[in-house]
Amino acid sequence: MQRPAYSNPAPAHSPPLHHPVPQHVSTVPQLRSPPPPSTSSQGYGYPQQGQQQPGGQQQPGYMHQNFGAGFINDPTAQMGFQVGKSAVMAGQEYMEQNFNRYVNVSALKHYFNVSNSYVASKLYIVLFPWWHRPWSRQQRLANNGQDGFYLAPREDINSPDMYIPIMAFVTYIVLSTLLAGVRGAFHPELLGITATTAFAVVIFEILGLKLGTYLLSISSESQLLDLVAYSGYKFVGIIVTLLLSEILNRTAFGTGGGGTGGWVGWTVFLYVFLANAFFLLRSLRYVLLPDTAQGGGAGSAASYTVARSQRNRRTQFLFVYSYVVQLVFMWLLSRQSADPKVAKA
Amino acid sequence: MAFFFGLGGLFYVSVLLVNAIAILSEDRFLARIGWTSGSDPGFGGMQENSVKAKMVNLVSSVRTLMRIPLIVINTLIIFYELILG
């Protein structure tokens, strides 16, 4: 009761993209450092109150008035406060407009609209894709009935998201550097090298895929971020490979000393690679082979008759991409040498 | 050790490859192989949808588009290598 700032509503929903505007009369003047609405105004209110009213258990309004007598009633300060607030709002709008021109924020938000159960089931699908039955993405027609759009990942288990690939990417970098540190071969550039290597792998894959779709005249409706997401799912498998081979190679199984060199490492790697290839085959089938997929769907997919040789070539391309390309890249990313100190023993 | 330069080495390799595509001679080399798409008034050329036609298209469009930016990039790289070693 002695802290009126406690009347802040706890944020029950995720805060909007803007800096949240305080819902109450802020007891902290804006002329000082702009505080975030809930916590720091509490903390700020407390020492003020401790100074002014050492024994005060009085009604909340008293502190407002006592404190406000210095600032809020001053019209100049109030005007300055308004000007500052509007300037900050204008700056934020300007930045958002310019930012929205380069990065499609709303499309990105669609990819991050995940839930816990989605993440868990998706990880399960990536690692054990044989037990998943329906692979097609679900669509829903918009209100005008013209352009359908895909459901968000929260509602559709087959929809690709960007949350898992990004987290797996970062985890891969950190894990690989950590394992290097355990081996005693750490130096700070290793983080950067791993990051750029993984980045370059993803970029190369996307380039190859785009080149393939152009050369084979595949008119694909899927977005670029979909392909990035599909390409990022293999980091999950690589993490599993690194972890398992590191742990198991230190027991009596492998050659000892960790690393992905022993046969444990290779077994895990092969399994993960096959799982990833299967996952990609099933997922990219709807991207690369548009006539085997459902014809009626979003928008006007021009269904032209495709020659049989072209269809064979496309299937070959899909296979080559899923297996050979992924094999090369996954091997590249999961290379780790054994611990030199232990392996010699 | 091949990735020591990170993206720098990758950038150099890609610039060199695009340079190689750009300096191929149109009439002495490409016409010999048959990688040009000489557009006759009557359409009797190669079929549009084949892989080879697309590849030829890609090569010729890369050449026409990247000539001038390549000059700029090459100059920058030359200066960089000369001055900064």
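## Met167 and its surroundings

Let's start with one residue: Met167(A) sits in helix α6 of chain A, which covers residues 163-183. Keep in mind that this is a predicted model. Is Met167(A) buried or exposed? Neither word fits, because its relative accessible area is 42%, and partly exposed is the term for values between 20% and 50%.

Met167(A) also has company on the surface. Together with Phe112(A), Tyr163(A), Ile166(A), Val170(A) and Val174(A), Met167(A) makes up a nonpolar patch. The accessible area of this patch adds up to about 500 Å².

## A loop after helix α6

Now look at the loop between α6 and α7 of chain A, where you will find Ala185(A). Helix α7 itself covers residues 189-215. Ala185(A) is another partly exposed residue, with a relative accessibility of 39%.

Which residues does Ala185(A) touch, once neighbours within four places in sequence are set aside? The contacts are Ala180(A) and Leu190(A).

## One salt bridge

How many salt bridges does the structure hold over all chains? There is one. Side chains of opposite charge can pair when their charged atoms come close. Here the partners are the side chains of Glu205(A) and Lys234(A), with 2.4 Å from N to O. Glu205(A) belongs to helix α7 and Lys234(A) to helix α9 (residues 234-248), both in chain A, so the salt bridge ties together parts that lie 29 residues apart in sequence.

Are these two residues buried or exposed? Glu205(A) has a relative accessibility of 1%, so it counts as buried. Lys234(A) is buried too, with a relative accessible area of 1%.

## Where chains A and B meet

Next, turn to the interface. Contacts link 14 residues of chain A with ten residues of chain B. The size of an interface is often given as the accessible area lost when the parts come together. For chain A and chain B, the buried area is about 1,100 Å². Carbon and sulfur atoms give 71% of that area.

What about salt bridges across the interface of chain A and chain B? The count there is zero.

## Chain B in the UniProt record

Finally, a look at what a record says about chain B. An unreviewed UniProt entry gives the feature "transmembrane region" at residues 6-24 and 64-83 of this chain.

In the model, residues 64-83 of chain B are 100% helix and 0% strand. From one end of this stretch to the other, the C-alpha atoms are 30 Å apart.

Notes. Residues numbered from 1 in each chain as written. Chains lettered and ligands numbered in written order. Predicted model: local features only at pLDDT ≥ 70, side-chain atom pairs only at ≥ 80, totals over all residues. Heavy atoms only, no water. Patch = residues over 30% accessible without salt bridge, like charges linked within 9 Å, V, L, I, M, F, W, Y side chains within 5 Å. Areas by Shrake-Rupley, 256 points an atom, 1.4 Å probe, with all protein chains shown as cover. Salt bridge = Lys/Arg side-chain N within 4 Å of Asp/Glu carboxyl O. Helix = DSSP H or I, 4+ residues; strand = E, 2+ residues; numbered from the N terminus. Buried < 20%, exposed > 50% of the residue type's maximum accessible area, 1.4 Å probe, protein only. Contact = heavy atoms within 4.5 Å. UniProt positions renumbered as here; feature names shortened; annotations may be inferred. Buried area = accessible area lost by both parts, 1.4 Å probe.
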